[in-house]
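Q: Please take a close look at one part of this structure and explain how it is placed in its surroundings. A connected account would be preferred, moving outward from a single residue to the elements around it.

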Amino acid sequence: MTPLDISSSQIASPLLDALQLYAQSSNAPFYTPGHKRGQGTPGILTDLFGSRIWRSDLPELPELDNLFAPQGAIKAAQDLAAKAFGAEQTWFLINGSTCGVIAAILATCEAGDKIILPRNVHQSAISGLILSGAVPIFVNPDYDAALDIAHSVTPQAVEQALRQHPDSKAVMIVYPTYYGVCGDVGTIAALAHQHNIPLLADEAHGAHFAFHPELPDSALSAGADLTVQSTHKTLSALTQAAMLHCQGSRVDRDRVSKALQLVQSTSPSYLLLASLDAARQQMATQGSSLMEETLGLADQARSRIHQIPHLSTLNPEQAGQTSGFWALDRTRLTVTVSELGIDGFRADEILHQTLGVTAEFPSLQHLTFIISLGNTQADIDRLVQAFFTLATLEKSPIQKTPASFKFQGSKPSPLSPHQAFFAPSETLAIAQTVDRISAELVCPYPPGIPVLLPGEQISEAAIADLQEILASGGMISGCADSSLKTLQVVKGA
């Protein structure tokens, strides 16, 4: 992939400039927020954040444009972002990629419409199904049983789903996965387009792809019609700041705008919006060099850690071995620690609490790290040294359990997520829930991929997966009882 041509106009930062100008102005503020440009901010917050930031915490004043009807600074900033990321239209998101994924489903599916999507989809997509009433046609992702890692859905699986459900209204993929694995998005896009339906991409972890030729193709450049990116995850925007990009005519852009009004705050944070403008400007003008440095640090970390006995890493050479592993984002580092005699949760605890190194997320066999433009050589040195230390600690041998989480622990869904979510429910002891219909979403977090969905029949395997994760130190979210002593099920089903 060739990096996008960036014109000199990308040096501009219209929204950031407008915010900075107004923050420096003097007026008597009789508008929200209540701290009145910092005059009423508690001292403990000022001590933590300083005093200047509060002057920029402003509402939708005339000079600052309106997020839901942009005509000025926001529109200019979004137009620049569209050019930088290779889109025809871009929307800024202040409720994270979550609201973008939900809006993508709302914009393409009505109640009862079918949408094809992977079973390892993020929980935000399940929220989109619940709100839209769309019916999921789940496709199991390509699965590496040795590593217990789910990759992307394959073109063959998507083709089969389209053949069996030709009335589907959209296809959604996760690109890349949390582990940095990318599927064959180009072929999947072509399959969707043969049926004249759009390909939607949850590209939350791929906002950086457009800015270096050694990174995987961006979803848009490979043919996706709509993509949602967490600009804060791998670039430099503030947490919760994201973007939705669109191209072509298969997605009704007016419906996208209307859907976003349903799922975004009517009081958007201009700190988040301005950070998106600044992150775009940074990548458009310096992205290639920043990604070159980031790739170098990531390659160095992977090479050095791979040389430590009993440690291995997910590596780019594995791409192409299966059709669900088309490419690897080299800035995502997954280290397999199970051969050390400990699971990933225990390794994460040692690294974080004792050695001062914090992973993005642990799983039963692995630790996954995000290496981004903000990391330094000192960070890499500390990471490698921590793994050297971890490898020399005395550990008790563990019985390596078979890979379990294959996204097949739950049985086919008798009810749609929408139907199950709004159905009457009851709470039962977990042992009594086998073969009942789940009324709640249950997933380890991170990565936020549900093991149980509303509407799915609960199996012993799904319960075993969740209990194993919990016993190993993982966190379960989405359910009323995070201890998993009870689950909510659909009453009478």
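A: **A single residue and its surroundings**

Ser 416 counts as buried, because its relative accessibility is 9% and the cut-off for burial is under 20%. The model is a predicted one. Ser 416 belongs to the loop that joins helix H12 (377-392) to H13. When residues up to four places away in sequence are set aside, Ser 416 touches Pro 454 and Gly 455.

The element after this loop leads to the next part of the picture. Helix H13 (417-422) is among the elements that cover the buried residues of H5, a group that also includes H4, E2, E3 and E6. Helix H5 (residues 123-132) is mostly covered, with seven of its ten residues buried. These buried residues are Ser 124, Ala 125, Ile 126, Gly 128, Leu 129, Ile 130 and Ser 132. Following H5 comes Gly 133, which has a positive phi, near 80°.

Several elements that cover H5 are strands, and they lead to the sheet. The sheet is open and has seven strands in the order E1-E10-E9-E8-E6-E2-E3, with mixed pairing. Its edges are formed by strand E1 (89-93) and strand E3 (135-139); each has a single partner strand, so one side of each lacks a neighbour in the sheet. From one strand to the next, the twist averages 20°. Strands of a sheet pair through backbone hydrogen bonds, in either a parallel or an antiparallel sense.

Two of these pairings can be followed in detail. Strand E9 (residues 226-229) and strand E10 (residues 242-246) run antiparallel and are joined by four bridges. Within this pairing, Thr 227 has His 245 of E10 as its bridge partner. E10 also pairs with E1, again in the antiparallel sense, over five bridges. Here Met 243 of E10 is the bridge partner of Phe 92. Although E1 is an edge strand, four of its five residues are buried, so E1 is largely enclosed by the rest of the structure.

Helices lie against this sheet. Helix H4 (residues 96-108), which helps to cover H5, lies across E1, strand E2 (114-118), strand E6 (170-174), strand E8 (199-202), E9 and E10, and runs at about 165° to E9. H10 also packs on the sheet, where it touches E1 and E10, and its direction makes about 135° with that of E1.

H10 has a helical partner as well. Helix H3 (residues 73-85) packs with helix H10 (residues 270-306) at an angle of about 35°, and their axes are 10 Å apart. The crossing of H3 past H10 is left-handed. On the H3 side, the contact is made by Ile 74, Ala 77, Leu 80, Ala 81, Ala 84 and Phe 85, and on the H10 side by Tyr 270, Leu 273, Asp 277, Arg 280 and Ala 284. Of these contact residues, nine are nonpolar, none is polar and two are charged.

Charged pairs complete the description. The count of salt bridges comes to 13. One of them lies in H3, where the side chains of Lys 75 and Asp 79 meet at 2.8 Å, N to O. The two residues are four apart, about one turn of the helix. Lys 75 is partly exposed, with a relative accessible area of 37%, and Asp 79 is also partly exposed, at 36% relative accessibility.

Another salt bridge joins Asp 225 to Arg 250, with the closest N and O atoms 3.2 Å apart. This pair links distant parts of the chain: Asp 225 is in the loop between E8 and E9, whereas Arg 250 is in the loop between E10 and helix H9 (253-263), 25 residues apart. Asp 225 counts as buried, at 2% relative accessibility, while Arg 250 is partly exposed, with a relative accessible area of 35%.

Helix H9 contains a salt bridge of its own, in which the side chains of Lys 258 and Asp 254 meet at 3.2 Å, N to O. These two residues are four apart in H9, so about one helical turn separates them. Asp 254 is partly exposed, with a relative accessible area of 44%. Finally, a network of salt bridges links Glu 214, Asp 299, Arg 302 and Arg 330.

Methods: Residues are numbered from 1 along each chain as its sequence is written. This is a predicted model: local features need pLDDT of at least 70, side-chain atom pairs count only at pLDDT 80 or more; totals for chains, interfaces and linings use all residues. Side-chain values use heavy atoms; hydrogens and water are left out. Axes are lines fitted to C-alpha atoms, for helices over the stretch in contact, and angles run from 0 to 180 degrees between N-to-C directions. A crossing is left-handed if the near helix is turned anticlockwise from the far one by less than a right angle, and right-handed if clockwise. Contact means heavy atoms within 4.5 Å. Ala, Val, Leu, Ile, Met, Phe, Trp, Tyr, Cys and Pro count as nonpolar, Asp, Glu, Lys and Arg as charged, and the others, Gly among them, as polar. Two strands pair if DSSP finds at least two bridges between them. Buried means under 20% relative accessible area, exposed over 50%, partly exposed in between (1.4 Å probe, protein chains only). A salt bridge is a side-chain nitrogen of Lys or Arg within 4 Å of a carboxyl oxygen of Asp or Glu.
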